[in-house]
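Okay, thanks for coming, everyone. I'd like to walk you through one structure today, starting with a charged pair and ending in a sheet. Let me put it up on the screen.

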Amino acid sequence: MTRLIVKGTHEVLADSVGAGTSFNNATCVRLVNISSSDGRTVTIASDNTGNTTIGSFALLAQQTEIIEKKPTDIVYVGGGTDVKGTPIGFTN
């Protein structure tokens, strides 16, 4: 059985690339959309300039996802304060 290791505090994701976070250089982040009705677009970028998007995906209402990224990659959402993230690790 794999278990999650919580490696930091639960934070609201920023809603702009300039304020995006690396979650203290985490490589795995658990995201949750606490909205009961609104989906959000989550974007991963290699820096805060807005010119280095790696990819994005839809995080539907009340959905949870775990992403893997490089330590310096940043994460942000396209509006709202419904998506929260926590840096994590895994153990057996």
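So, D82 first: this residue is buried, because its relative accessible area is 17% and the cut-off for buried is under 20%. Before I go on, please keep in mind that this is a predicted model.

What does the side chain of D82 meet? That would be R40: the two side chains form a salt bridge, at 2.8 Å from N to O. And how many salt bridges does the structure hold? Just one. As a reminder, side chains of opposite charge can pair when their charged atoms come close.

Where do the two partners sit along the chain? R40 belongs to strand 4, residues 40-45, while D82 is in the loop between strand 7 (74-77) and strand 8 (83-91). They're 42 residues apart, so to speak, and the pair links distant parts of the chain.

Now, the sheet. Three strands make it up, in the order 5-4-7, and the sheet is open with antiparallel pairing. Which strands stand at the edges? Those are strand 5 (53-59) and strand 7; each has a single partner strand, so one side of each is left without a neighbour in the sheet. Going from one strand to the next, the twist averages 20 degrees.

Let's zoom in on strand 4 and strand 7. They run antiparallel, and four bridges join them. Take I44: its bridge partner in strand 7 is V75.

Next, T43, which also lies in strand 4. Is T43 buried or exposed? It's buried, with a relative accessibility of 9%. If you skip the neighbours within four places in sequence, T43 is in contact with T53, G55, S56, I74, V75 and Y76.

V75 is the last residue I want to show, over in strand 7. V75 counts as buried, because its relative accessibility is 0%. Again leaving aside neighbours within four places in sequence, the contacts of V75 include V42, T43 and I44. There are also contacts with L13, G20, T21, F23, I67 and K69. Look at L13 for a second: 62 residues separate L13 and V75 along the chain, yet their C-alpha atoms are 7.3 Å apart.

To recap: one salt bridge in the structure, an open sheet in the order 5-4-7, and V75 in strand 7 as the bridge partner of I44. That's me done; over to you for comments.

Key
Residues numbered from 1 in each chain as written. Predicted model: local features only at pLDDT ≥ 70, side-chain atom pairs only at ≥ 80, totals over all residues. Heavy atoms only, no water. Salt bridge = Lys/Arg side-chain N within 4 Å of Asp/Glu carboxyl O. Helix = DSSP H or I, 4+ residues; strand = E, 2+ residues; numbered from the N terminus. Buried < 20%, exposed > 50% of the residue type's maximum accessible area, 1.4 Å probe, protein only. Contact = heavy atoms within 4.5 Å. Pairing = 2+ DSSP bridges. Axes fitted to C-alpha atoms, helices over the stretch in contact; angles between N-to-C directions.
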